Amino acid sequence: MVEESPFVASPPPPAPVMAQAPTAPPRVPVQAVVPSPPIAEGVPPSPPEPDMPPPAERTGLQLYQRGTKPLKVGLVVPEGFELPPGYVRHYQSTDEGERVEAILMFHPDHKPVDANGQPIPIPENRVVPEELAPPGMPLRMLELPKGDESKDTP
């Protein structure tokens with residue numbers, strides 16, 4: 001006598017999946033950035049234009065708006081002057097693309113110390129004040145080009 005075993009039905013095979021061509025994300029029209037006038041110190045910036053996308057959605061030239069990084073004012077470093085370790089020349093340009101003279105800044109990895117080896121506090125913006133300038137360097141402050149009121153004072 002043959003013993004009957006219960007028959008278990010297997011599920012049907014999965015339906016074949018059709019490959020689809022990759023699709024590009026939808027294109028967002030690029031809008032021209034209208035430069036705003038320079039921002040004077042202490043004056044809050046005006047709200048963005050209504051047709052400007054929110055900051056998280058900006059791309060390309062929309063990321064660079066006029067006055068977003070103010071010019072730093074500091075001691076001008078003559079081109080021929082050899083800087084000791086710990087100092088750097090900081091080159092800048094105006095919003096119009098005009099290059100201004102290099103100013104003296106502390107190197108980000110340098111921690112200045114006094115004659116007793118004690119750390120000297122440096123400004124948050126790393127611009128070197130006159131009293132900490134290297135010996136022999138002429139002391140002359142950068143004069144900003146006319147019309148550029150967006151500046152970061154030392």
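Here a trainee and a mentor chat about a predicted model of a single chain.

Trainee: Let's start with the fold: how many helices and strands does the chain have?
Mentor: Reading from the N terminus, the elements go β-β-β-β. That fits the tally for the chain, which is 0 helices and 4 strands.

Trainee: And what share of the 154 residues counts as buried?
Mentor: The accessible surface is about 12,300 Å², with 59% of that surface belonging to carbon and sulfur atoms. As for residues under the 20% relative accessibility cut-off, they make up 23% of the chain.

Trainee: Which residues make up the largest nonpolar core?
Mentor: In soluble globular proteins, nonpolar side chains tend to get buried together. The largest such core here has 10 residues. They are Leu 75, Val 77, Phe 81, Leu 83, Tyr 87, Leu 104, Phe 106, Val 128, Ala 133 and Met 137.

Trainee: How many residues does the second core have?
Mentor: This one is separate from the largest core, and its members include Val 76, Ile 103, Val 127 and Leu 142. Phe 106, from the largest core, does touch Val 127. The size of that second core is 6 residues.

Trainee: Is Gln 92 buried or exposed?
Mentor: Gln 92 sits in strand 2, residues 87-93. Among the residues it touches are Ile 103 and Leu 142, both members of the second core. Because its relative accessibility is 8%, under the 20% cut-off, Gln 92 counts as buried.

Trainee: Which residue's backbone nitrogen lies 2.7 Å from a polar side-chain atom of Gln 92?
Mentor: Gln 92 touches Leu 71, Glu 98, Arg 99 and Val 100, among others. The backbone nitrogen at 2.7 Å belongs to Lys 72.

Methods
Residues numbered from 1 in each chain as written. Predicted model: local features only at pLDDT ≥ 70, side-chain atom pairs only at ≥ 80, totals over all residues. Heavy atoms only, no water. Core = buried A, V, L, I, M, F, W, Y, C linked by side-chain atoms within 4.5 Å. Buried < 20%, exposed > 50% of the residue type's maximum accessible area, 1.4 Å probe, protein only. Contact = heavy atoms within 4.5 Å. Helix = DSSP H or I, 4+ residues; strand = E, 2+ residues; numbered from the N terminus. Areas by Shrake-Rupley, 256 points an atom, 1.4 Å probe, with all protein chains shown as cover. Polar contact = N/O pair within 3.5 Å; in protein donor to acceptor, adjacent residues only side chain to side chain. Lists of a residue's contacts leave out its neighbours within four places in sequence.
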